[in-house]
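Reader: I should like to go through this structure step by step. May I put some questions about it?

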Amino acid sequence: MKICFFGTYDRTYTSNRLFLQGLEANNIPVVEINAHTQVTDLLTANDMSWIHLFKRFSKKFRIISETIKKRKELQTADVIYVGYPGHV
């Protein structure tokens, strides 16, 4: 079995780190497709402006280029797991 660890997740987040360590400890091959983006707070009206929201949204779409780069490896994966917070 081969797992694709996918998303805009933070590799150092506890559940992600433990999941990856567990897979490695059990000799399960992992393909990582990650376009980590910083989690930002939306505390002020300026944080919610259209330009800021557009910038945040466009950064998350880097996952598309990462997926294209590793498409051949992705095709060999049996399972796709989306790391936290990588749901975009």
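Reader: Is Tyr13 buried, partly exposed or exposed?

Author: This is a predicted model, and the answer rests on a computed relative accessible area. Buried means under 20% and exposed means over 50%. Tyr13 has a relative accessible area of 38%, so Tyr13 is partly exposed.

Reader: At what angle do the ring planes of Tyr13 and Tyr84 lie, and what is the pair called?

Author: A pair of aromatic rings is described by the distance of the centres and the angle of the planes. The ring centres of Tyr13 and Tyr84 are 4.9 Å apart. Planes under 30 degrees apart count as stacked and those over 60 as edge-to-face. The planes of Tyr13 and Tyr84 stand at 40°, so this pair is tilted.

Reader: How many residues apart in sequence are the parts tied together by Tyr13 and Tyr84?

Author: Tyr13 belongs to the loop between S1 and H1. Tyr84 belongs to the segment after strand S3 (79–82). The pair therefore ties together parts whose separation in sequence is 71 residues.

Reader: What is the C-alpha distance in space between Tyr84 and Tyr9?

Author: Tyr84 is partly exposed, at a relative accessible area of 45%. Leaving out residues up to four places away in sequence, Tyr84 touches Tyr9, Asp10, Tyr13 and Asn16. Tyr84 and Tyr9 are 75 residues apart in sequence, yet from C-alpha to C-alpha the distance in space is 5.0 Å.

Reader: Which residues form one aromatic cluster with Tyr9?

Author: The chain has five aromatic pairs. In one of them, Phe5 and Phe19 have ring centres 5.7 Å apart and planes at 40°, so that pair is tilted as well. Phe5 lies in strand S1 and Phe19 in helix H1, so this pair ties together parts 14 residues apart in sequence. The cluster that contains Tyr9 is completed by Phe5, Phe19 and Tyr81.

Reader: Which of Phe5 and Phe19 is buried, and which is partly exposed?

Author: The limit for a buried residue is under 20% relative accessible area. Phe19 stands at 29% and counts as partly exposed. The value for Phe5 is 0%, so the buried residue is Phe5.

Reader: Which residues make up the largest nonpolar core?

Author: In soluble globular proteins, nonpolar side chains tend to be buried together. Here the largest nonpolar core has six residues, and one of them is Ile33. Beyond its neighbours within four places in sequence, Ile33 is in contact with residues including Cys4, Phe5, Tyr9, Ile63 and Leu74. The core itself consists of Cys4, Val31, Ile33, Ala35, Ile63 and Ala77.

Reader: What is the accessible area of the nonpolar patch that includes Phe57?

Author: Phe57 is in helix H2 (residues 50–60). With a relative accessible area of 49%, Phe57 is partly exposed. On the surface, Phe57 forms a nonpolar patch with Phe61, Ile64 and Ile68, and together they have an accessible area of about 400 Å².

Reader: How many residues apart in sequence are the parts that Glu32 and Arg11 tie together?

Author: Side chains of opposite charge can pair when their charged atoms come close. Glu32 and Arg11 meet in a salt bridge, at 2.7 Å from N to O. Glu32 lies in strand S2 (residues 30–34), and Arg11 lies in the loop between strand S1 (3–7) and helix H1 (14–25), so the parts they tie together are separated in sequence by 21 residues.

Reader: Which pair forms a salt bridge in helix H3?

Author: The count of salt bridges is two. The bridge in helix H3 (residues 62–69) joins partners three residues apart, which means that about one helical turn separates them. Its N to O distance is 3.2 Å, and the partners are Glu66 and Lys69.

Reader: In what order do the elements of the protein chain run from the N terminus?

Author: The chain has four helices and three strands. Contacts between residues 24 or more positions apart make up 78% of those with a separation of 6 or more. Starting at the N terminus, the order of the elements is β-α-β-α-α-α-β.

Conventions: Residues numbered from 1 in each chain as written. Predicted model: local features only at pLDDT ≥ 70, side-chain atom pairs only at ≥ 80, totals over all residues. Heavy atoms only, no water. Salt bridge = Lys/Arg side-chain N within 4 Å of Asp/Glu carboxyl O. Helix = DSSP H or I, 4+ residues; strand = E, 2+ residues; numbered from the N terminus. Patch = residues over 30% accessible without salt bridge, like charges linked within 9 Å, V, L, I, M, F, W, Y side chains within 5 Å. Areas by Shrake-Rupley, 256 points an atom, 1.4 Å probe, with all protein chains shown as cover. Buried < 20%, exposed > 50% of the residue type's maximum accessible area, 1.4 Å probe, protein only. Phe/Tyr/Trp six-rings, centres within 6.5 Å; stacked < 30°, edge-to-face > 60°. Core = buried A, V, L, I, M, F, W, Y, C linked by side-chain atoms within 4.5 Å. Contact = heavy atoms within 4.5 Å.
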